[in-house]
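Thanks for coming. I will walk through one structure, a part at a time, with the display in front of you.

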Amino acid sequence: MDPFWSKHLTGELVRVLERYGYEEPTPIQRKAIPQVLTGKNTLIIAPTGSGKTEAAMLPVISEIIRRGLKNPITTLYITPARALNRDVNIRLSQIANELGITTAVRHGDTPESERRRQVRNPPMILITTPETLQVILTMKAMRRHLKHLRWVVVDEIHELINDERGAQLAIALERLVNIAGEFQRIGLSATVGNPELTAKYLAGTNREATIVIDDTPRSMEIKVELPQPTEDDVKNAEELNTTPETMARIRRIIEIINQHKTTLIFTNTRDEAELLGHRLMKILGPDKIGVYHGSLDKEEREELERKLRNGEVKAVVTTSSLELGIDIGLIEAVIQYSSPRQTIKIIQRIGRSGHTISKKAIGYIITRNTDDYLESKVITEKALKGEIEREVEYHEKALDVLQHQIAGIIIDTKTEGRNPTIEWILETVKRAHPYRDLTKEELMEVIKFMEQEKLVKVDNEEVIPRRGLHKYYYENISMIPDQKHYKALDITTQKTVGELDEEFVETTEPGTPIILAGKPWRVISIDRENTVVNLEPITQSLNTVPTWIGEEIPVPTDIAQETCKERQEIINKLRSGEEPDETPTPIIEELKQQANTEVTEFTKTINIEWRGKDLIIHACLGTKGNQALALYISRYIGTRYKTNISTATDPYRVLITAPINIPPKTIEQALQEDPKTITETLKEAIRETRLYRYRFIHVARKHGVLPKEKININIDRLIKTLENTIVDKETIREILTEKIDQKPLIDLTEKIKNKQINIKIIETNQYTPLAQHILETNAKYDAIITTITTTTLINIIKTRIQEKQITLLCLNCGWNTTTKVKYTPNDIKCPRCGMRIIAVLKYGEDPRKMYEITRKAKKKLPMTSEEKQKWEELTETANAVLQYGKKAIIALAAHGVGPATVIRKVLARAKTEEELYQQILQAEREYYATKPFWEH
């Protein structure tokens, strides 16, 4: 056994470790254990699977033994995930219990009997969550035990520092100091780009924390690929109900899966995980593929974890859920489907392969297009160099958290028989790093708001609780937005499959086919009272997946700028006649076309492609930076010309549309305003967004202004009433922290004023190839925005319709196929029987059932009224296709445009392709005018 153990730990502990097979310490244990034993606050940073938990807890256990401590709750182990709670307890309790050190877990699911037992006979080491700590802090009996606290370990601190749970915990730790005095703080973190900030967060104001980093080099191999369709991909795409390009990516993923025993496939959203998992199951079979994400049922997730550990599945499609340290056994390879968008993401995800320091991490990034490929290439180069983003969504002075913690401090002190003074509250809160700069005026604004809401009363600098304070505190312990979720139930087995967001359920009707857990289902009924969606399994191939809120991973500004620089270098080479090495042909072809336009310089120029009523700004500000740019510009133009502006963004562009010609000089003026004007204009713009309205409701609930349950209330009136209060300010602060970043925008305007960046306006009738990316992205959304100009709308509709999947059915012989509109031949006839009686089916209709109706009609067999109506529709679409060919198929793929309308209002009036899409646009507008519930 390595002498390191006996040198640093007590003999009793070393003997137990020997029995458990701890032969030698891991690199991080060798570095961290001596540091923890100094008694100083310590931040331990190391990859998953490197032994961080033992690095923190073995020296703590050793010190408990050495000092002969017998008191309860000498140690708190705080972790954000309940699954990790269980994991930690199993590993620690076996070692600790053999040494007479008791451990216990306490969180929201802990049975009441166990909670009572913990109060009567508390453990020496208590493992809990940040939310449960909020309850423990106010319990008189537990506060008595917490006076013995000597160590606090905060696990997965990188997860907490990015959200309001972290701000809440920071103050909670200071409330612990009020009970126990100073204690040693130990933070455990995966690799982070800003360890200094993380250490300051852990230690609190005016304290230090030593940073211990595992810098053991990890061998990592990452391949960035852009698969291209083969002839087989074109054929197989029809069977899988997808495009040849998607089929090429799926084919390559299957090749990688077959080369390895076990593979993890990461997607950036749960929607993508469901759809990709469904398609892989169709090819490889449901027994070989699993889908894993946070909205699936706990039993389903745990069963999949078991199958992974035992090698019973070949691959699992997942999201960020499996980035955490959940034990899933040995993973040979990791696939990232499309750009990971951040360096930290690819390091954490690919780090799951091998899962030990000594084994090489093998990863593949399967990309979709030019942006995706170049972005992934930049991220890969940074990952291999260990360059991680320093940006953190750090919640400075969150007002809803502050109000809740003021309530907690008042309850704490009242438990001890006194009322806190304003100075006592301020001194406590300011020790928490996120609130280090809080002023007394800012604190008083929150306390006065609490007075208005009748939660507290201020008397001679003392803050006195009122009747509703306890109720408010306990109802708002969780800082996670309170969203309604529906249980998805398989009616055939009565097993829960997963959960669906309220937003998705409210826009779904019985009969809708969806994908969940990678499998196809049909919605049978929706029980809103009991929040249950009843599903039945079906066999057809689908593309419809549930929508989960707020999942998009933002591309940081520095990644976007590096990607633009990479693109610039390729364009420069192409303009000088040089062919770039190892760049996929489609990218070279697209950038060759771009090199022949006026828009070729992106690093020192803001290019604005202007078409009168719409324009595209090329700006490499990343996701949040371009969101800020779009909001600011739209507000700036809209207020000056009293018109509505629509915007769309990606990390590299902003699309602006208006019902009037937009003077390009106005854009130039906007980009040269002073920072104060930009900030104020941006805040005004935020208040006009749906995002503000959505966030306002959650913030109002966290402030206790709105009850948790859904009620009928005029939100617009409430927003007006609470204008410029802490609810309004907190809503804007949250959005500026999490969704919109004004810093890149202000930096850009400063560089424009200093002549470091030029503005170039290009008047055009046709956007350049790179500008087209944002039109293609927006074409996937099934919505008509009436403020977008007709030219832009027609382009969007054209792209959307060409990409739409349709099913064709021969009414003569029953041949059918599902394909995209763009792959439909101009000469439409049945390849089996040669007849031209081809009907176009509605999405999700089973061609076999439709042909059965056809057979009944031909044989004059009895038919139901529904079947007769469907037969009329089939013959109408077939007549339209017979008369107008592919033009009919294009028109029938539009929203809400039936066969009668297609012939009478669309096809009969359209002589050219341009006129065809103009007529489709008009027909869609008429359709949506009859849909009063369209607002969403």
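**Cores, helices and a few loops**

Let me begin with one residue, Leu176. Leaving out residues up to four places away in sequence, Leu176 touches Leu76, Leu133, Leu137, Leu146, Leu149, Val152, Gly181 and Phe183. Before going on, please note that this is a predicted model.

Leu176 belongs to the largest nonpolar core, which has 114 residues. Leu76, Leu176, Tyr435 and Ile617 are the members that touch the most other members. Which helix gives the most to this core? That is helix H10, residues 164–180, with 10 residues. Another core lies apart from this one. That other core has 42 residues, including Ile346, Ile350, Cys564 and Leu574.

Next, a polar residue. Gln134 sits in helix H7, which covers residues 130–136. Is Gln134 buried or exposed? Its relative accessible area is 0%, so Gln134 is buried. The side chain of Gln134 makes a polar contact of 2.9 Å with the side chain of Gln405. Setting aside neighbours within four places in sequence, the contacts of Gln134 are Gln168, Ala172, Arg175, His404, Gln405, Tyr473 and Ile477.

Now helix H11. Of its 9 residues, 7 are buried, so H11 is largely enclosed by the rest of the structure. The buried ones are Pro195, Leu197, Thr198, Ala199, Tyr201, Leu202 and Ala203. What do they pack against? The list has strand S1 (42–45), strand S5 (151–154), helix H9 (157–160), H10, strand S6 (184–189) and strand S7. After H11 comes Gly204, and its phi is positive, near 90°.

A little further along is Asn206, in the loop between helix H11 (195–203) and strand S7 (210–213). Most residues other than glycine have a negative phi. Asn206 is not a glycine, yet its phi is positive, near 60°. Asn206 has 81% relative accessibility, and since the cut-off for exposed is over 50%, it counts as exposed.

Lys454 is another such case. Its phi is positive, about 60°, although Lys454 is not a glycine. Lys454 is in the loop between helix H20 (440–452) and strand S14 (456–459). With a relative accessible area of 54%, Lys454 is exposed.

On to pairs of helices. Two packed helices are described by the angle between their axes and the distance between the axes. Take helix H18, residues 399–415, and helix H19, residues 422–430. Their axes come within 11 Å and cross at roughly 120°. That angle makes H18 oblique to H19. The crossing of H18 past H19 is right-handed. Which residues meet there? From H18 they are Leu402, Ile406, Ile409, Ile410 and Thr413, and from H19 they are Trp424, Ile425, Thr428 and Val429.

The second pair is helix H23, residues 557–575, and helix H24, residues 585–595. Here the angle is about 70° and the axes are 9 Å apart. H23 and H24 are therefore roughly perpendicular to each other. On the H23 side the meeting residues are Arg567, Ile570, Ile571, Leu574 and Arg575. On the H24 side they are Ile588, Leu591, Lys592, Gln594 and Ala595. Leu574 has come up already, as one of the members of the core of 42 residues.

Two residues remain. Where is Pro510? Pro510 lies in the loop between helix H22 (502–506) and strand S18 (513–516). At 53% relative accessibility, Pro510 counts as exposed. Not counting residues up to four places away in sequence, Pro510 touches Val523, Ile524 and Ser525. Pro510 and Glu23 are 487 residues apart along the chain, and their C-alpha atoms are separated by 59 Å.

The last one is Thr731, in helix H30, residues 726–738. Thr731 is buried, with a relative accessible area of 0%. A polar atom of the Thr731 side chain lies 2.7 Å from the backbone oxygen of Val727. Residues up to four places away aside, Thr731 touches Tyr692, Arg695, Phe696 and Val699.

To recap the buried polar side chains shown here, Gln134 has its contact with Gln405, and Thr731 has the backbone oxygen of Val727. That is the end of the tour.

Definitions and conventions
Residues are numbered from 1 along each chain as its sequence is written. This is a predicted model: local features need pLDDT of at least 70, side-chain atom pairs count only at pLDDT 80 or more; totals for chains, interfaces and linings use all residues. Side-chain values use heavy atoms; hydrogens and water are left out. A nonpolar core is a set of buried Ala, Val, Leu, Ile, Met, Phe, Trp, Tyr and Cys residues joined through side-chain atoms within 4.5 Å. Buried means under 20% relative accessible area, exposed over 50%, partly exposed in between (1.4 Å probe, protein chains only). Helices (H or I, at least four residues) and strands (E, at least two) are DSSP runs, numbered from the N terminus. Contact means heavy atoms within 4.5 Å. A polar contact is a pair of N or O atoms within 3.5 Å; within protein, one must be able to donate a hydrogen and the other to accept it, and residues adjacent in sequence count only if both atoms are side-chain atoms. Axes are lines fitted to C-alpha atoms, for helices over the stretch in contact, and angles run from 0 to 180 degrees between N-to-C directions. Angles under 35 degrees count as roughly parallel, over 145 as roughly antiparallel, 65 to 115 as roughly perpendicular and the rest as oblique. A crossing is left-handed if the near helix is turned anticlockwise from the far one by less than a right angle, and right-handed if clockwise.
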